[in-house]
Amino acid sequence: MPELHVFFNDLPSNDFNILFTNLPPQQDREYFVVGVPGSFYDRLFPEYSIHFAYTSYALHFLSKSPEEMQDVESPTIGYDS
């Protein structure tokens, strides 16, 4: 069975302990959970270490557009210019 690694990110002032105490027990599946404190605008992980990223809540909290999204030559935009 594949292992699942989940990384939660929030500001360093967030109390990750509340999150960890509310996780479901590991019974039939194995997963690993990590809290990564840091700014949404800074690099949080090593290159080539994230295979899939998902957010459904962060966009409306942005106080500015990430620099990579302002550069039409950036590969993060996701289309060829």
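**Exercise 1. Where does Ile50 lie, and which patch does it help make?**

Where does Ile50 lie? Work it out, then identify its surface partners.

*Solution.*
Step 1. Know the model. This is a predicted model: local features need pLDDT of at least 70, side-chain atom pairs count only at pLDDT 80 or more, and totals for chains, interfaces and linings use all residues. Residues are numbered from 1 along each chain as its sequence is written, and side-chain values use heavy atoms, without hydrogens and water.

Step 2. Place the residue. Ile50 lies in the loop between E2 and H2. Helices (H or I, at least four residues) and strands (E, at least two) are DSSP runs, numbered from the N terminus.

Step 3. Check its exposure. Ile50 has a relative accessible area of 37%, so it is partly exposed. Buried means under 20%, exposed over 50%, partly exposed in between (1.4 Å probe, protein chains only).

Step 4. Find the partners. Phe7, Val34 and Ile50 make a nonpolar surface patch of about 230 Å². Patch residues have over 30% relative accessible area and no salt bridge (a side-chain nitrogen of Lys or Arg within 4 Å of a carboxyl oxygen of Asp or Glu). Like charges are joined within 9 Å, nonpolar side chains (Val, Leu, Ile, Met, Phe, Trp, Tyr) within 5 Å. Areas come from the Shrake-Rupley method with a 1.4 Å probe; for residues, only the protein chains shown count as cover.

**Exercise 2. Classify the aromatic pairs.**

How many aromatic pairs does a search of the whole structure find? Describe each.

*Solution.*
Step 1. Count. The search finds 2 aromatic pairs. Rings of Phe, Tyr and Trp (its six-membered ring) pair if their centres lie within 6.5 Å; planes under 30 degrees apart count as stacked, over 60 as edge-to-face and the rest as tilted.

Step 2. Take Phe7 and Phe45. Their centres are 5.2 Å apart, with 70° between the planes, so the pair is edge-to-face. Phe7 sits in strand E1 (residues 4-10). Phe45 sits in the loop between strand E2 (31-37) and helix H2 (67-70), 38 residues apart from Phe7. Phe7 is partly exposed at 40%, and Phe45 is partly exposed at 24%.

Step 3. Take Phe16 and Phe20. This pair is stacked: 6.3 Å centre to centre, 25° between the planes. Both residues lie in helix H1 (residues 16-21), 4 residues apart, about one turn of the helix. Phe16 is buried at 11%, whereas Phe20 is partly exposed at 33%.

**Exercise 3. Summarise the chain.**

What pattern does the chain follow along the sequence?

*Solution.*
Step 1. The chain has 2 helices and 2 strands. Their pattern is β-α-β-α.

Step 2. Buried residues make up 9% of the 81 residues.
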